[in-house]
Structure formats: C-alpha cells, structure tokens
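Biologist: Please take me closely through one part of this model, the way its strands and helices are put together, and go slowly, since I am still learning to read such pictures.

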Amino acid sequence: MKKLYLFDFDGTLTHKDTMFMFLKFYDPARFSAQFLKHVPLFILLKLKLANAEAVKKSFISSMLKGESRYYIDKKAKQFFEEHYPSLFRENALDFISNIDRKYTESYIVSASLDIWVKPFAEKFNMTLLATKAEFSNGVFTGKFDGKNCNKEEKVNRIKVEIGDRKFDKIIAFGDTSGDKAMFEFANESHYRFFH
C-alpha cells in the first residue's frame, strides 16, 4: 500500500513557531529593534486588519534582506544543531522514526521559509514544500519566490510535486486553519495528532 504523509511543520511537529525563533537566533539585536518597529503591524494582524503574508514578508525582509545565501544557510545549520531534537514533539519524532520508507513518501508542507526548515527536512529525509526565499546573485532580495505556502497554496504545491503519481492513501497532519485545505485534499487527516 503506497502512502503519502503530509506534515505541517510549526506547531504540528514542533513545540513552537520557528520564524521568530530563527530570526532572533540570527541576530538578537536586530531582532529586538525590528520587532518593536513591527508591533503596530502585529496588533493589526491580531485584529485581522492586516494581511498575514504582507506582515510576514515585511518582518523577514527587515531581518534578512541583503544577506548572502551562504551566511543564511550557515546560520540555518547552526540553528538546526542547537534546536534538534529539543524543538520537536516526542510523539512526532517517534512516529517519523517508524515510517516504513519502502512504501511511503513524506513531505513537510510549511508556510515557514525554506531556508531554516531545510536542515530539519533533510534530517527527516523528507521532501520540503515551503515558502521560498528569493535570491539574486546569491543575495536574499527580501521577497518570496512565489506565494506564501499556506492554505490553498499548500495543496497547489503538493499537486505539482506529486504530478500524476497515485497513492493508495494520503494522510495529513496539521494544527491550524492554514492546514484546512490540505486536510480536505487528503483521504485521512489528523488535527494536533502529536500534541
């Protein structure tokens, strides 16, 4: 029986959201300054008066725009080394270690930026579908390459990745409304399964 597992990342496999964690790890002083500048936007976001993707892009850009891919990747590897495995839910790690790789494909499908999720996906030997950072001549432009990988975009990315391959069962794991479209796409879905 050929199965496809679809795992949301932040909150589903991990205890915490990784965006703030990684950006604070990247440059604590700059993080503090930019966080304060973005507080009004975060408040508007909580009140549902601001676009989540725009706020996310603005904050990430304020931290990483103009940085080299080499340095960002280096910091992402250090972040991985410091937070693996403590960042992850024990139940999730147990589940992943028992996946029968012979009959199963596994994807991490995340709205987080690919740069800091990549080392974790590689550790788990999973395909990563995430929001992509845009680089030009090896430097981060501060923009996303394509759409924020959330809600319907998660399903769009999954469909592109699997193409015309068939699976007997598609099983999705998530923890927020951003995973709803992925749940509807799957044959079986699990909400906060590892909590």
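Modeller: Let me begin with a term that we shall need at once: two strands are said to pair if DSSP finds at least two bridges between them. Please also keep in mind that what you are looking at is a predicted model.

With that term in hand, we can turn to the sheet, which is an open one made of five strands in the order S3-S2-S1-S6-S7, with parallel pairing. Strand S3, residues 127-131, and strand S7, residues 188-191, stand at the edges and have a single partner strand each, so one side of each is left without a neighbour in the sheet. If you follow the sheet from strand to strand, neighbouring strands are turned against each other by 15 degrees on average, when direction is ignored. For a closer view of one pairing, look at strand S6, residues 169-174, which runs parallel to S7 and is joined to it by four bridges. Within your view of these strands you can find Phe173, which stands opposite His190 in S7.

From the sheet we can step to a helix that touches it. Helix H6, made of residues 114-124, lies across strand S2 (104-113) and S3, and it runs at about 160 degrees to S2. In the loop between H6 and S3 you will find Asn125, which has a positive phi of about 60 degrees although it is not a glycine. That deserves a second look because most residues other than glycine have a negative phi.

H6 also leads us to another helix, and here it helps to know that two packed helices are described by the angle between their axes and the distance between the axes. The axes of helix H4, residues 69-83, and H6 come within 8 Å and cross at roughly 50 degrees, which makes H4 oblique to H6. Their crossing is right-handed, and the residues that make the contact include Ile72, Ala76, Phe79 and Phe80 of H4 together with Ile115, Trp116, Pro119 and Phe120 of H6. Sorted by class, the residues of this contact of H4 with H6 are eight nonpolar and three charged, with no polar ones. Beyond H4, in the loop between H4 and helix H5 (90-97), sits Pro85, and the peptide bond that joins Tyr84 and Pro85 is cis, with an omega of about 5 degrees.

The same way of reading can be applied to the helices H1, H2 and H3. The axes of helix H1 (residues 18-26) and H2 come within 7 Å and cross at roughly 140 degrees, which makes H1 oblique to H2. In this contact Phe20, Leu23, Lys24, Phe25 and Tyr26 of H1 meet Pro28, Phe31, Phe35 and Phe42 of H2, and by class they are eight nonpolar residues, no polar ones and one charged.

For H1 and H3, the axes come within 10 Å and cross at roughly 20 degrees, and the two helices are therefore roughly parallel to each other. Here H1 passes H3 in a left-handed crossing, and among the residues in contact are Met19, Phe22 and Leu23 of H1 and Phe59, Ile60 and Met63 of H3. This contact of H1 with H3 has nine nonpolar residues, no polar ones and one charged.

Phe42 and Phe59, both named above, also bring us to the aromatic rings, of which 36 pairs are found in a search of the whole structure. The rings of Phe42 and Phe59 have centres 5.5 Å apart and planes at 75 degrees, so this pair is edge-to-face. It links distant parts of the chain, since Phe42 is in helix H2 (residues 28-46) and Phe59 is in helix H3 (residues 52-64), 17 residues apart.

Terms used
Residues numbered from 1 in each chain as written. Predicted model: local features only at pLDDT ≥ 70, side-chain atom pairs only at ≥ 80, totals over all residues. Heavy atoms only, no water. Axes fitted to C-alpha atoms, helices over the stretch in contact; angles between N-to-C directions. Contact = heavy atoms within 4.5 Å. Parallel < 35°, antiparallel > 145°, perpendicular 65-115°, else oblique. Left-handed = near helix turned anticlockwise from the far one by under 90°. Nonpolar A, V, L, I, M, F, W, Y, C, P; charged D, E, K, R; others polar. Phe/Tyr/Trp six-rings, centres within 6.5 Å; stacked < 30°, edge-to-face > 60°.
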